[in-house]
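Me: I am new to this structure and would like to understand the reasons behind the words used to describe it. Could we go through them one at a time?

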Amino acid sequence: MKLVKIYECLCDGTRLRILNLLLQGPLCVCHLQSVLGESQVKISKHLGYLKARGMVEVGKAGNWRVYRLSDRRPAELEANLRCLQDCAREDAVFRRDTAKLKKRRSCFADEARFPAKTRLAAVCAC
């Protein structure tokens, strides 16, 4: 993955928010939609963009598409994701997203019935 591709992915606020949430674990579109307050179409478009550039992977869990960060991340991407985590702690929007996700997780169903590769941080009950 070239550095330019990484920064192309990181230059959009919605994609940064999605990546920050995926740092917490795999999620489906409806979880991202709920936390970010954006339409399914917009979230899916950004996930497709990230997937096409190798930053996220998708699996299936029942009827849901589960997105997670790619297992094969170059050092440059890892460094930028660590920076994102650090910066997100200082930004009100990212803190609010993380808090919403934590609150939502407490409402999700048990995840143990799904294979680890497609396991949601909590299974979609949307």
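Me: What makes strand β2 and β3 a pair?

Reply: In this predicted model, strand β2 (residues 56-61) is joined to β3 by six bridges, and the two run antiparallel. Pairing requires at least two bridges between the strands, so the six bridges that join β2 to β3 satisfy the requirement. One place to look is A61, which stands opposite W64 in β3. β2 and β3 form a hairpin with two residues between them, and G62 in the turn has a positive phi of about 65°.

Me: How do you know that strand β1 pairs with β3 as well?

Reply: Strand β1 (residues 27-28) and strand β3 (residues 64-69) are connected over two bridges, in the antiparallel sense. Because the requirement is at least two bridges, these two bridges are enough for the strands to count as a pair. Within this pairing, L27 stands opposite Y67 in β3.

Me: Why is H46 called buried?

Reply: The relative accessible area of H46 is 5%, and the word buried is used for values under 20%, so H46 falls within that class. H46 has its place in helix α4 (residues 40-52). Not counting residues up to four places away in sequence, H46 touches D12, T14, R15 and I18. Across the chain, buried residues make up 41% of the 126 residues.

Me: What makes the approach between the side chains of H46 and R15 a polar contact?

Reply: The distance given for the side chains of H46 and R15 is 3.2 Å, and a polar contact calls for a pair of N or O atoms within 3.5 Å, one able to donate a hydrogen and the other to accept it. The distance of 3.2 Å therefore lies within the cut-off, and the pair is listed as a polar contact.

Me: Why is a group of residues here called a nonpolar core?

Reply: The name applies to buried residues of certain nonpolar kinds that are joined through side-chain atoms within 4.5 Å. The largest such core has 25 residues, of which I18, L19, L22 and L47 touch the most other members. At least two residues of this core come from each of α1 (3-10), α2 (13-22), α3 (29-36), α4, β3, α5 (75-88) and α6 (92-105). L22, leaving aside its neighbours within four places in sequence, is in contact with L27, L47, V56, Y67, R68 and L69. As a general tendency, nonpolar side chains in soluble globular proteins are buried together.

How values were computed
Residues are numbered from 1 along each chain as its sequence is written. This is a predicted model: local features need pLDDT of at least 70, side-chain atom pairs count only at pLDDT 80 or more; totals for chains, interfaces and linings use all residues. Side-chain values use heavy atoms; hydrogens and water are left out. Buried means under 20% relative accessible area, exposed over 50%, partly exposed in between (1.4 Å probe, protein chains only). Helices (H or I, at least four residues) and strands (E, at least two) are DSSP runs, numbered from the N terminus. Contact means heavy atoms within 4.5 Å.
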